[in-house]
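Biologist: I'd like a close look at one part of this model, please. Could you walk me through how the strands pair up and then show me what surrounds them?

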Amino acid sequence: MSITALGSSSAPAHASARHDLSLAPAPAPATVMTGATLLLNATYEPLCVVSSRRAIVLVLAAKAEAVDVTDAEVHAERLTLAVPIVVRLTRYVRVPYPVTVPLSRRAVFTRDGSTCVYCGGSATSIDHVVPRSRGGTHTWDNVVAACRRCNHTKADRSLAEMGWSLPHPPGAPSGAAWRLLGHRTVDPRWREWLGMPESVSA
């Protein structure tokens, strides 16, 4: 089984599940069925995010089990199922992870706890430690979260010129959970599985 297959929402897979499990033809509301569900490996390691519809199919096919559910429900001919927000595969899947985590504004904010690295205030922007006008790169080790005031005050000057210092050297985050943080909003109910503190707004 591949992660691509698990995340797929092809029509044949849905049709087979509906036929085998006698699902009623009436679909759940679109707002529910187009939602997102966190998919965990059998070891509880975050794998990816799939649609709520795909998660329900995996649960009904006994390929996954619900770990956390929403208040919404879908109704089949012989059962009622709470829409899962987190599901765990019943069989371990080996997935090759990318070497680096994609750099994005959301991911930088998450790494730095949405806190300005210069003053400790609330971060509203990102800053290049070595200004790009001075050859600084747009890479994990040169991008930090900053408040608008510090960003404006620093402008295109170096930390040495400002007399500032960083609490710790910036770098690329690691871990499977970070594969999910660069391109989507993180549901608060996923946080404990992603190892994210409640104070972090992704």
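**Strand 1 and its partners**

Modeller: Strand 1 and strand 2 run antiparallel, with five bridges joining them. Keep in mind as you look that this is a predicted model. One pairing to find on screen is L38, whose bridge partner in strand 2 is V49. The two strands also form a hairpin, with five residues between them. In that turn sits Y44, which has a positive phi of about 70°.

Now turn to the other partner. Strand 1 is joined to strand 4 as well, here by three bridges, and this pair runs parallel. Look for L39: its bridge partner in strand 4 is V87. So how covered is strand 1, which spans residues 36–40? It's mostly covered, as four of its five residues are buried.

Let's follow strand 4 onwards. Strand 4 pairs with strand 3 in the antiparallel sense, over eight bridges. If you want a landmark there, E65 stands opposite R88 in strand 4. Strand 3 and strand 4 are joined by a hairpin too, this one going through four residues.

Next, the nonpolar residues around these strands. The largest nonpolar core has 17 residues, and the members that touch the most others are L39, L47, I56, L81, V87 and L89. You've met two of those names already: L39 and V87 are the bridge partners from strand 1 and strand 4. The elements that put two or more residues into this core are strand 2 (46–51), helix 4 (52–60), strand 3 (64–75) and strand 4 (80–89). Helix 4 is the top contributor, giving five residues. There's also a second, separate core of ten residues, and its members include L38, L40, A177 and V186. L38 is a name you know as well, as the bridge partner of V49.

Let's step back to the whole chain. It has eight helices and six strands. Reading along the sequence, you get the pattern α-α-α-β-β-α-β-β-α-β-β-α-α-α. Out of 202 residues, 42% count as buried. Among contacts with a separation of 6 or more, 59% are between residues 24 or more positions apart. On the outside, the chain exposes about 10900 Å², and 53% of that comes from carbon and sulfur atoms.

Two more stops before you go back to the strands. One is M162, which is found in helix 7, residues 159–162. Is M162 buried or exposed? M162 counts as buried because its relative accessible area is 19%, and the cut-off for buried is under 20%. Leaving out residues up to four places away in sequence, M162 touches T153, K154 and R157.

The other stop is an empty space. Rolling a probe the size of a water molecule over the atoms shows where such space is left. The structure holds one cavity of 30 Å³ or more. The largest cavity contains about 30 Å³ of space. To find that cavity, look for its lining: D112, V117, V144, L166, P167, H168 and P170.

If you go back to strand 1 now, you can trace the picture yourself: antiparallel to strand 2, parallel to strand 4, and with four of its five residues buried.

Notes
Residues are numbered from 1 along each chain as its sequence is written. This is a predicted model: local features need pLDDT of at least 70, side-chain atom pairs count only at pLDDT 80 or more; totals for chains, interfaces and linings use all residues. Side-chain values use heavy atoms; hydrogens and water are left out. A nonpolar core is a set of buried Ala, Val, Leu, Ile, Met, Phe, Trp, Tyr and Cys residues joined through side-chain atoms within 4.5 Å. Buried means under 20% relative accessible area, exposed over 50%, partly exposed in between (1.4 Å probe, protein chains only). Two strands pair if DSSP finds at least two bridges between them. Contact means heavy atoms within 4.5 Å. Accessible areas come from the Shrake-Rupley method with a 1.4 Å probe; for residues, only the protein chains shown count as cover. On a 1 Å grid over the protein atoms alone, a cavity is a set of points where a 1.4 Å probe fits but cannot get out, and a pocket is an open set with protein on both sides within 12 Å along at least five of seven lines; lining residues have an atom within 4 Å of a point. Grid points are joined across faces, edges and corners, and a volume is the space filled by probe spheres set on the points.
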